[in-house]
Amino acid sequence: MKSLQELMSLAGRTAVITGGAGRIGEAFCEVLAELGASICIFDVEAGAGNERADAVADRFRVRASAFVTDVAREESVQEAVSSAVAQFGGVDILINGAAYPKLELPEEGRELEVQSLARWNANLDVVLTGTFLMTRACAPHLRRRGRGSVINIASIYGLLGPDMRLYDGTDMDNPAYYAAGKGGIVQFTRYCATTLAPEVRVNCIAPGGVWRHQPESFHERYKRRTPLQRMASEEDLKGAAAYLASDSSAYITGQVLAIDGGWSAW
Ligand SMILES: NC(=O)c1ccc[n+]([C@@H]2O[C@H](COP(=O)([O-])OP(=O)(O)OC[C@H]3O[C@@H](n4cnc5c(N)ncnc54)[C@H](O)[C@@H]3O)[C@@H](O)[C@H]2O)c1
C-alpha cells in the first residue's frame, strides 16, 4: 500500500490554475508547487502572473510559467492551452478559479431590479463560460494522462441564497450573476464528473467569504453567522486543493466540498 506521502506527491505533474495571479490563486499555486507540480498560471494580468510564477519557482524549486489568458475568449484559451502543453508536455490538474473581471461599467444598486445585463453577461462569461472553455480545452490532455483532476471553484453562494441583512449599512453587494455562475459551476462539476470518467476526476470547492478587511459591521455579522466564528483565509483552501488534486482522493469525483467554517451546516 502507498504511503500518504506517496499519494499526496504531485512530482512529474503539471497544474494549470486560472486566476492564478489572484489571492486565492496564490494559495493554489503554492500548495501544488510544494507537492512537486509544475505550475502554469492562466490569468489576464500579465505582470502579476509573471511575478507569481517567478516567486513560486524560486520558493519551491519547480518549473512555473504564466500564460496571459482571457478565459472568456475561445481563441485565447486554445492558444494558452496549446502553449502550456508545448512547454510542459501535458496537463494533469486544472483549477478553474478565474473571476471578478475588471469592468468599466457604472456602479449599480443591490436590488435585483437594478442589476444590469452588461454586468451579468461579463461575469458569467468569465465564471461559467470560462470554466466550460478551459475544461473543454484541457479535457483531451487530462484524459491522455489517465489520472487528470479538475477542481472548480464555486462559493457558498452557489449553494445557498445570500442573507442580504449582512450587508446593511455597507456598500457591499452580492449580485445575482454570482449566485447563478457559482451554482452553474456546481452542476457543471457533476456533468463533467460523469462524462469525463474514468480518466478524469472533477470536483468542486465552495469557499466561504475570505477576510479582506470588510466593514466591521459586516465582519461581525458574518462571524456570528459562522459556527467557527471567523471568515476564511486563503490558507484555509490549501488542504482541499492538495487533497483533490492528488491521488489521495483517487476514488472521489463529482463532489462539492464547502470550506466555510460551518456556514452551510445550519
Ligand atoms: N474572496 C472570496 O471571499 C471568495 C469566496 C468564495 C469563492 N471565491 C472564489 O475564489 C476564486 C478566487 O477569488 P479571489 O478572492 O482570489 O479573487 P481575485 O480577484 O484575487 O482573483 C481572481 C483572479 O482572476 C483573474 N481573472 C479575472 N478575469 C479573468 C479572465 N477573463 N481570464 C483569466 N483570468 C481572469 C484576475 O486577474 C485575478 O487574478 C473566484 O472564483 C472567487 O469567486 C472567493
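The shell around the ligand in this predicted model comprises 14 nonpolar, 7 polar and 6 charged residues. In total, 27 residues surround the ligand. The closest of these are Ile 24, Asp 43, Asp 70, Tyr 178 and Val 210, a set in which Ile, Tyr and Val count as nonpolar and Asp as charged.

Polar backbone atoms approach oxygen atoms of the ligand at several positions. At Val 210, one of the closest residues, a backbone N or O atom is placed 2.8 Å from a ligand oxygen atom. For Gly 22, the corresponding separation between a backbone N or O atom and an oxygen atom of the ligand is 3.1 Å. A polar backbone atom of Ala 99 lies 3.4 Å from an oxygen atom of the ligand. The ligand taken alone exposes 830 Å², of which 90% is buried by the protein. Two or more residues of the surrounding shell are contributed by each of the elements α2 (23–34) and α6 (176–195). Ile 24, among the residues closest to the ligand, falls within the range of α2 (23–34), and Tyr 178, also among the closest, falls within that of α6 (176–195).

The second largest pocket encloses about 160 Å³ of space. Its lining consists of 13 residues, divided by class into 6 nonpolar, 3 polar and 4 charged. Nearest the centre of this pocket are Pro 198, Glu 199, Val 200, Arg 201 and Ala 250. Within this group, Pro, Val and Ala count as nonpolar, and Glu and Arg as charged.

Key:
Residues are numbered from 1 along each chain as its sequence is written. This is a predicted model: local features need pLDDT of at least 70, side-chain atom pairs count only at pLDDT 80 or more; totals for chains, interfaces and linings use all residues. Side-chain values use heavy atoms; hydrogens and water are left out. A residue is near a molecule or strand if one of its heavy atoms lies within 4 Å of it. A polar contact is a pair of N or O atoms within 3.5 Å; within protein, one must be able to donate a hydrogen and the other to accept it, and residues adjacent in sequence count only if both atoms are side-chain atoms. Accessible areas come from the Shrake-Rupley method with a 1.4 Å probe; for residues, only the protein chains shown count as cover. Helices (H or I, at least four residues) and strands (E, at least two) are DSSP runs, numbered from the N terminus. On a 1 Å grid over the protein atoms alone, a cavity is a set of points where a 1.4 Å probe fits but cannot get out, and a pocket is an open set with protein on both sides within 12 Å along at least five of seven lines; lining residues have an atom within 4 Å of a point. Grid points are joined across faces, edges and corners, and a volume is the space filled by probe spheres set on the points.
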